Structure formats: C-alpha cells, structure tokens
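Notebook open, model loaded. I want to go through the sheets first, then the empty spaces, then the aromatic rings.

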Amino acid sequence: MKNNKINIHFLGAAGTVTGSKYLVDTGDRKILIDCGLFQGLKELRLKNWEYPPVEVSEIDMVLLTHGHMDHTGYLPRLIKQGFNGPIYGTNPTLDIAKIILNDSAKIQEQEAERANKEGYSKHSPAEPLYDLKDVEKTIPHFKGIPQSQWIPLFDGIRVRFQYNGHILGATYIELDVHGKRFVFSGDIGRTNDLLLYPPLKPKKVDVLFIESTYGGRLHPDEVEALPQIEKLVNDTINRGGSLFVPSFSVERAQLMMLIFWKLLKEKKIPKVQMIMDSPMGANVLELFHRTRDWHRLEDNECDEMCSHFTVVSSYRETMELRTDNKPKIVIAGSGMLTGGRMLNYLETQAQNPNNTLLFVGYQAEGTRGRKLLEGDKELKVYGKTVSFQMEVAEIQGLSAHADHAELLDWMSKIKNKPARIFIVHGEKEGAEALQKGIKETYGWDAEIPQLYNIEEIE
C-alpha cells in the first residue's frame, strides 16, 4: 500500500442540498462519488460554470448513487473538462441519467435560443451549460453494475451498490479502500413508500457521508396525504379551476399518477381530464415496465393507471392545453419550477384564482417554487413577470427523502462506531438538527463540511 492517507474533497452538496460531488483521493487513485449540478440560488448555479478545484483529467472513475440531476447533471461538463474514465451505476440509474441529461440539455438549448431571440439574457449570445452533443459524448462512458455485489475496482479497492428506495435504481455506495469502509448514503428513501421498497441499511462503516435534506423534520405518513389531495382536487374542480402539480419527472410524477388513479378508481374525485405532461416522465414510466424488481407496481396496474392519463410529449400539445380553461389535473416538470413544461401552463394560468398550484416535493432555496410557497405574488417566466393569483398548497408526506427519524433509523444497524461522520446534502438547519440527533441517539460526533473543504482520513 503506497499511501495510508486518504483525502476527501467536498466538491458539492456540502453546506447546501445540491451539486453532490465527493472526490476520494487515495494517493494513487481518484474516485468521484456522484457528479451533480448545482440548482437553486444564483450564486450556486454560477458554480456550474466554474472549473472545479481539482484536476478533472486525473479522476479515474465516477460512481453514481442515483439518477437525479443534482447527482448526475454535471457529467457532460466533466467530460468537456477532460474526464475520460468509466461512469458506474445500476442499470435503472444509468437509464434515468440518460433521460435526465438529454432533457436537461434540450431545455438549456431551448432557453438559450429563446433568450437570444427575445434578448432577455445578460450574455450575448446566451449559451447552454452543455448541449445534446455533449450528452452524446457522455453516454458511452456509462457502465451498468448489479446491486448487492462486491465489484473489484483496483488493487485493494472494491465497491458495492445497495438498494436505497428514493427513486428507481437508487443505492447507497459502500467503497472499501485498503480495508477502510466508506459509505455514501446518496439520497435515502422512505420506510413506507407507496411505490418503492424500504431502503437496506449499512452494517459496517468507518467513514460515513449521510444526507440531511430533511434533518430535524418529520413527514406525515404518505397514506395521510391522500385525504388532503382528495380535498384539494374536489375544492379546485368544484370552483371551476384546475389543479397543477409541478413534479420531478422521476418517481414523483409516477407516484402522483398512482394517487390520482387510486382516488378516481375509488370514486373519491370527479372524472376530469388528467394530464401527465413530461416527455421525461413518460420515458420513466416506460422504465417502470422494465424494472419490476425495483418497485411495487404490477404490470397490469401500470397499464391501467396509464390508460386514465393523457401522456403529452409534443410541445405543440402543451401550447394548446395551456389555454384550455376546462377543469383538469396537470402533472408536469419541473418539481421546483426551475424550468420545464409547467412554466408554460403558469404563463397563461397563474392569474386565475380558481386554479391551485400543489407542491409535492422539496423546494430548494432560491427556486421559483420556494418563492411562491413563501407568498410571492409575481412569477418570472421566460424573461417577463406574470401576476400570480392561484391558490398555493403544499403536501409534505410525499417526499421521496427519508425524514429525521428515518435518517437516524437508517444508521441503526451499524455495529461499530464510525471514525468519521460527515453530514452532507442539507441546508444549515437540517444538517445541525441531524448532527444533534446522531449525538443524542448514538453518542457519535458528526461534522458538517463546507463546500470545497478537504478532509484527511488516516
């Protein structure tokens, strides 16, 4: 063994929720865990344009916990910056990353084009962070890995991907480096999820990186959310409005479809047009059919649920539907209103006080979603300001993220005291609440690293 010191570079999701990137430098090998895009606050988004404070061409490989944008969205930039190694993940993770990266590139290209045409960007010309050609160069680096099997990577270094709920294909990663076990929690799923199985739990950990998105907060049970959704649908439709659900296209869109379909089947909501407007969500639906062992849905349930929805993929159809004022339910991306088809609907529908905007997922600081939740009455869409008069509702029980109690419970099978615990992927309050919870529950000390910290592990 050449070197017994290992350096960890916190290149993202440290002191913040987005942009997950952790570089493990063993002295002779450099392994990047996750490669996410920064989202939300402008000062964070600008970091996507900066060169990271490490030599990208020296990174040997990337390991992905799951396919979400804040864990995979930076990959095409990494390739542009000179990374040339393999990108490992479970097959559903890589399928989702493919869908998300193509979608992200397309949206960036469209927004740059629109900004140039309408002249609302400060940059001349406005350019996408990456385009479809960059994504095309990224996909050949993808290498699928089975779950729950140890895979040798280098001499003295091996990896295992373990089922973690959250979304299709999501895992936590166990990385053994010369006898030390590093565990990267990725995003931990719920114990009682309507769509997915409960996460597995690690048993041995020397160095733990644990997410804290919902540190200090408890979710109501998913089942408790159903009556609230039923009431919101009925109230909105009865006053002649439509219900708009900004949704993450992976897992959340399919979960919302399942919930609306169940309520309709039980005759708890009226029969109105139900729309799932997300090309990406449609692709993920197809993935549900191909990944039976990753989720609870039977094939016939999947088919029946889909038959009740208008699944929109063409932009022209979106433009027609957004001016139709008949009561309906619309699920569309993006979940935090940072882009996507939902903005097209809001451009024409935001002024109607009979409509309801329902948030069913986490809204990061600085996003349009967070601002509307906090009471903003104006919405900036495509360079212009639109008056916002809709009802706003939020249902928290549907999060795909473990809450405070579930995060602590996920650690309950660890038999040894970890030498180091790093709390990542959380805003300050959540991270500090989890730090306190870990101390009270297990008597273990945990650290909250900040962005670009380098920690030495002996």
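**Sheet with mixed pairing**

I started with an open sheet of six strands, which has mixed pairing and the order 7-8-9-10-11-20. I'm keeping in mind that this is a predicted model. At the edges I found strand 7 (151-154) and strand 20 (420-424); each has a single partner strand, so one side of each is left without a neighbour in the sheet. Neighbouring strands here are turned by 20 degrees against each other on average, direction ignored.

Next I looked at how strand 10 (residues 180-184) is joined to strand 11 (residues 207-211): the two run parallel, with three bridges between them. Which residue of strand 11 is the bridge partner of Phe182? I found Val207 there.

I then checked what lies across this sheet. Helix 14 lies across strand 11 and strand 20, and runs at about 150 degrees to strand 20.

**Sheet with parallel pairing**

I went on to another open sheet of six strands, ordered 14-13-15-12-16-19 and paired in parallel. Its edge strands are strand 14 (310-312) and strand 19 (391-394), and each of these pairs on one side only. The twist from one strand to the next averages 20 degrees.

For a closer look I picked strand 13 (residues 273-277), which runs parallel to strand 14 and is joined to it by three bridges. Opposite Ile275 I found Thr310, in strand 14.

Helix 8 (residues 279-290) packs on the sheet and touches strand 13 and strand 14; its direction makes about 95 degrees with that of strand 13. I also looked up helix 6 (residues 222-238), which lies across strand 12 (243-246), strand 15 (328-332), strand 16 (356-359) and strand 19. Helix 6 runs at about 165 degrees to strand 16.

**Second largest pocket**

How much space lies in the second largest pocket? I noted about 330 Å³. It is lined by 19 residues, and the closest to its centre are Tyr214, Arg217, Tyr362, Arg370 and Glu427. Two or more lining residues come from each of helix 12 (368-373) and helix 14 (428-442). Sorted by class, the lining has five nonpolar, eight polar and six charged residues.

**Cavities**

I counted two cavities of 30 Å³ or more. The largest cavity holds about 70 Å³ of space. Of its 14 lining residues, Ser20, Tyr22, Ser185, Gly186 and Val424 are the closest to the centre. I split that lining by class and got five nonpolar, six polar and three charged residues.

The second largest cavity has about 50 Å³ of space. I wrote down its lining in full: Leu11, Lys21, Phe38, Lys47, Glu50, Tyr51, Pro52, Tyr74 and Tyr452. How many of these are polar? I got none, with six nonpolar and three charged residues making up the lining.

**Aromatic pairs**

Last, the rings. The structure holds 13 aromatic pairs, and I followed up the one formed by Phe10 and Tyr22. Why is this pair edge-to-face? The ring centres are 5.9 Å apart and the planes stand at 75 degrees; edge-to-face applies because planes over 60 degrees apart count as such.

The pair links distant parts of the chain, with Phe10 in strand 1 (residues 6-12) and Tyr22 in strand 2 (residues 21-25), 12 residues apart. I had already met Tyr22 among the residues closest to the centre of the largest cavity.

Definitions and conventions: Residues numbered from 1 in each chain as written. Predicted model: local features only at pLDDT ≥ 70, side-chain atom pairs only at ≥ 80, totals over all residues. Heavy atoms only, no water. Pairing = 2+ DSSP bridges. Helix = DSSP H or I, 4+ residues; strand = E, 2+ residues; numbered from the N terminus. Axes fitted to C-alpha atoms, helices over the stretch in contact; angles between N-to-C directions. Contact = heavy atoms within 4.5 Å. 1 Å grid on protein atoms, 1.4 Å probe; cavity = no way out; pocket = protein on both sides within 12 Å on 5 of 7 lines; lining within 4 Å. Points joined across faces, edges and corners; volume = space filled by probe spheres on them. Nonpolar A, V, L, I, M, F, W, Y, C, P; charged D, E, K, R; others polar. Phe/Tyr/Trp six-rings, centres within 6.5 Å; stacked < 30°, edge-to-face > 60°.
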